[in-house]
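Visitor: I have a structure open and would like to learn how to read its features. Could you walk me through them?

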Amino acid sequence: MRLFYCLLISIIAPTFIITAQGYTVSGSVKDRNNVGVAYANVLLLKPSDSTFVTGASTDDKGFFVMYDVPSDIYYVTASYVGNTSRLIPVDIYQTTEIGSVIIDNDAQLLDEVVVYSKLPVVNRKIDRLVFNVENTVVSQGSSWDILKQTPGVILNRNELKIRNQSATVYINDRKVQLSADEVKDLLENYSGENITTVEVITSPPSKYDAEGGPILNIITNKNISLGYKGNFNGTYTQGVFSKYSLGTSHFYKTKNLNIYANYTFNPKKEYKKDDSHIDFINNSAIFSRWETDFNRTTRSRSHNANLNLDYDFDDRNELNISASGLFSPDKTYENDQFTEIRNTVNVLDSTFTTISSLGEDKNNLSADISYKHSFKGKGAIKLNGHYTKFNLDRTQNASSDYFDPQGAFMRNYSFFTVADQNIDIYTTQLDIESVIGSINIETGLKAAFINSESGLDYYNVANGSQTFNINLSDNFLYDEKVYAGYFSLTKDWENWSLKTGLRAEQTKSSGNSVALSTINDLEYFELFPTFYLLYSTNEDHSFSFDYSRKLKRPRYQDLNPFRYFLNENDFTIGNPDLRPNFSNNFNFNYTFKGEYFFDLYYRDNGNYMSTLSFQDNQNLTLRQVKQNVLESVSYGLDFTYGKSVCKNWFLYSYMSLFSEEETFLALESGNQAVTNSLDGFYGYLGNYLSLSQDGTFTGELSLGYLTGNLYGSYIQDPTTTMTIGLRKSLWKNRAVVSVAVEDVLGKANGNLVSRYLNQDNAYFAKPETQFVRFGFTYNFGNFRLQDNERDIDKIERDRLGAQ
């Protein structure tokens, strides 16, 4: 079957290349003093509607060249740092020397206040919300700043969420394959000035994989110039420990070739503190209270490298190659834990301390190749192939010493583990876009093949010798094959827009636990319809409705039936019996005057895979396990409003009333069905300020408040976040310096409590959310170029998780 699909896609792929005919156009750009203007942008426009045809950038003496310009009449214009020449008509029917295009730079000498920012605009499209931020005060921050105040986005525990679902970040329709913390680090160092729009796709259409939640797609400026640019950047962060990152990126563009490469080195020393308690219950009464103080210090030195290559054979055929690597060698976790055990009248029974050291090596390598052919009319065909190699090796040494109430030593329990995981992912995909009359059509095929091999060896340690424990050791093999096909249709007429689609996926998986002698085979065929309808009565009022069916497959490490121990009484265990869950999503939206947005949603999450904690009151243990719940629903009402209070102050507000509910089997409470629910509110105010006349000095003051959230069997207490930031561009945007203070009030983390039936435990996790960060970037070369940076978009890679 695999060979059949691969051959089918290969046969359909186009193999022809068509050569275009055009002429060379050259000239120079000068100021009013007849001095050449270096690195100015020169654009060729259609006279009918001034749409962009092609462009170039001047060299360091002000000269430019454009190649393969079709014969026609055009307008030519040049711009540099906010100053633009007049439109000059040119008739291109042969190789042409335009002469000099003059930019009048007297505008820079005006005395009045000049504010370059404008009001961000939010547009409702049929299947997404589009937040236009280009050349606004919002764009003068980082990409992370923009996403934090994008309509419908909630920031909680450093994670971007939409309607209480984790949002997936894309850049130019390429998925950012990083953990939540790594995404934050990346976007904080990616200038918002590169962004034109952010697309909020709450219910992705059938073109996207059936697996996955809402999407935040960052659209950057298009390449229009030839030349080279690069930068060096660095950040210094002071939290509990100081840490820094160093990086460099380089981009080179010719007429046919774009090459982008970057490298980041990120050594870190991080601190996390947890305070937790467990009340063990017998016959409805507490008989043992455990209070634990947990401290973790993590040291890591990660290396991240990316290479993107785009080659245009002509104006209708292009080749894209991407490669990325994340190397994290010798990462260590030093855990120090102290626990007091008291009886029901709060008298000390005993104590114990646990020292645990973990060592980890992780490598994540991927390669992606695409070929795209654009038809003579509208539409295109694209063929893609992808490979990912993931490897994780981990060891753990742990030792617990137990003491009586007087502090006398009682006993020791020690163990040693060796774990590894190797994952190979192959995908191939074909996408076709075409137009029939007034109907836009998208269709495609995809095949994905995943192989995962994991192992855990557990050793009891006593008197310096190790004894292999076969009962806690295992090898787990997992294979998965997914075949998919989709189509979608889009039609616009008068005040209506309609988009509908269908995706079909055939999945076959097999999980084999060697120690448990169990094989879990799963095979299913599912359909995933999508439907969108938009109606605009006039410019002030629009209504939309959409529906989609989605699924979520288990992450690979969640399937492994292994145990990760904090100590012998507290551990996380995998679940090879996990099943994918299917959700049905309904959304109704109303927009008033393009400024006021109301969103009403309902989501049936089905047998959602939730992380649940269960305390064993007989054996005095606490375990966390991923489990399919019996049912899960979410619904809410969101309101978004953004307004420029004055020319240099943009105020953004977002409010959400929501309800979350999950019903699960209480494994340590007689398998009773328990419902965990929460009604909550989230409010956010973001102030984005232009503090200088030319817009090069900007500031941010934001405040967010969350009444609580649902995390499996836990409910989180209220949290408040406050951020203050300043950013200054220097030397005509060649350098940028910034400073930000996060979690100013120290209330970004909330206590989490799980209390029902015979279960009563809670913990307060406090990572380094309160810190000051300094950043610096220096650009060189033709730094106004927009690069072809992107990340590889594969939903299968996302299931690797943060590991």
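Guide: Gladly, and let us begin with the words for strands. Helices (H or I, at least four residues) and strands (E, at least two) are DSSP runs, numbered from the N terminus, and two strands pair if DSSP finds at least two bridges between them. This is a predicted model, in which local features need pLDDT of at least 70 and side-chain atom pairs count only at pLDDT 80 or more, while totals for chains, interfaces and linings use all residues. Residues are numbered from 1 along each chain as its sequence is written, and side-chain values use heavy atoms, with hydrogens and water left out.

Visitor: How many residues lie between the strands in the hairpin of β26 and β27?

Guide: That hairpin has 2 residues between its strands, and Asn463 takes a positive phi near 55° there. Strand β26 (residues 439–462) and strand β27 (residues 465–468) are antiparallel and share 4 bridges. To find the register, look at Val461, which stands opposite Gln466 in β27.

Visitor: In what order do the strands of the open sheet of 3 strands come?

Guide: The order is β4-β1-β8, and the pairing is mixed. At the edges are β4 (63–69) and β8 (96–103), each pairing on one side only. On average, neighbouring strands of this sheet are turned by 25° against each other, direction ignored. For such angles, axes are lines fitted to C-alpha atoms, for helices over the stretch in contact, and angles run from 0 to 180 degrees between N-to-C directions.

Visitor: Which residue is the bridge partner of Gly27 in β4?

Guide: Phe64 is the bridge partner of Gly27. Strand β1 (residues 23–31) runs antiparallel to β4, and 5 bridges join them.

Visitor: Is Ile103 buried or exposed?

Guide: Ile103 is buried, at 4% relative accessibility. Here buried means under 20% relative accessible area, exposed over 50%, and partly exposed in between (1.4 Å probe, protein chains only). Ile103 belongs to strand β8. Measuring C-alpha to C-alpha in the model, Ile103 and Lys30 are 6.2 Å apart in space, although 73 residues apart in sequence.

Visitor: What is the order of the open sheet of 4 strands?

Guide: That one reads β32-β33-β37-β36, again with mixed pairing. Its edge strands, β32 (563–567) and β36 (609–616), each pair on one side only. From one strand to the next, the twist averages 20°. Strand β33 (residues 570–573) runs antiparallel to β32, with 4 bridges joining them. Within that pair, Asn567 has Asp570 as its bridge partner in β33.

Visitor: How many aromatic pairs does the structure hold?

Guide: The rule is that rings of Phe, Tyr and Trp (its six-membered ring) pair if their centres lie within 6.5 Å; planes under 30 degrees apart count as stacked, over 60 as edge-to-face and the rest as tilted. By that rule the structure holds 36 aromatic pairs. Take Phe528 and Phe582: their ring centres are 6.2 Å apart and their planes are at 20°, so the pair is stacked. Phe528 lies in strand β30 (residues 518–536) and Phe582 in strand β34 (residues 581–592), so the pair ties together parts that are 54 residues apart in sequence. Phe528 is buried, with a relative accessible area of 2%.

Visitor: Why does the pair of Trp731 and Tyr778 count as edge-to-face?

Guide: Their ring centres are 6.4 Å apart and the planes stand at 70°, so the pair is edge-to-face. Trp731 is exposed, with a relative accessible area of 58%, whereas Tyr778 is partly exposed at 33%. Ring pairs also link a cluster of Phe543, Tyr590, Phe592, Tyr596, Phe598, Phe639 and Tyr641.

Visitor: How many cavities of 30 Å³ or more are there?

Guide: Rolling a probe the size of a water molecule over the atoms shows where empty space is left. On a 1 Å grid over the protein atoms alone, a cavity is a set of points where a 1.4 Å probe fits but cannot get out, and a pocket is an open set with protein on both sides within 12 Å along at least five of seven lines; lining residues have an atom within 4 Å of a point. Grid points are joined across faces, edges and corners, and a volume is the space filled by probe spheres set on the points. The structure holds 7 such cavities of 30 Å³ or more, and the second largest has a volume of about 180 Å³. Of its 20 lining residues, Arg124, Leu129, Arg163, Thr202 and Asp599 are the closest to its centre.
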